[in-house]
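Visitor: I'm new to this one. Could you show me how to read charged side chains in a structure?
Guide: Sure, let's have a look together.

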Amino acid sequence: MKHYVTGFLFTKDFKHVVLIKKLNPEWQRGLFNGVGGKVEENEKPCDAMSREFK
């Protein structure tokens, strides 16, 4: 079973958030999403989230 993570990074004052503008799949092009991706084998979700933000 594949696992995925999605996260949102806010500024300290919560006035701004990091989002990505989707390119793929085509039907999502131009939409915004949190940062995330697949959790690799033997990886903790918190480590996957950290990796995706880097």
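Visitor: Is Arg51 buried, partly exposed or exposed?
Guide: Keep in mind that this is a predicted model. Partly exposed covers the range between 20% and 50% relative accessible area. Arg51 has 33% relative accessibility, so Arg51 counts as partly exposed.

Visitor: And which side chain meets the one of Arg51 in a salt bridge at 2.9 Å?
Guide: Here's the general idea: side chains of opposite charge can pair when their charged atoms come close. In this case, the partner at 2.9 Å, N to O, is Glu43. Arg51 also forms a salt bridge with Glu52, where the closest N and O atoms are 3.0 Å apart. As for Glu52, a relative accessible area of 26% makes that residue partly exposed.

Visitor: How many salt bridges does the structure hold?
Guide: There are 2. Glu43, Arg51 and Glu52 are linked in a network of salt bridges.

Visitor: Now for another charged residue: where is Lys22 placed?
Guide: Look at the loop between strand 4 (20-21) and strand 5 (32-33). Lys22 is buried, yet has no salt bridge. Glu52, the nearest side chain of opposite charge, is 10 Å away.

Visitor: Then which side chain makes a polar contact with the side chain of Lys22?
Guide: That's Gln28, at 3.2 Å. If you leave aside neighbours within four places in sequence, Lys22 is in contact with Gln28, Arg29, Gly30, Leu31 and Asn33.

Notes:
Residues numbered from 1 in each chain as written. Predicted model: local features only at pLDDT ≥ 70, side-chain atom pairs only at ≥ 80, totals over all residues. Heavy atoms only, no water. Salt bridge = Lys/Arg side-chain N within 4 Å of Asp/Glu carboxyl O. Buried < 20%, exposed > 50% of the residue type's maximum accessible area, 1.4 Å probe, protein only. Helix = DSSP H or I, 4+ residues; strand = E, 2+ residues; numbered from the N terminus. Lys, Arg positive; Asp, Glu negative; His and termini not counted. Polar contact = N/O pair within 3.5 Å; in protein donor to acceptor, adjacent residues only side chain to side chain. Contact = heavy atoms within 4.5 Å.
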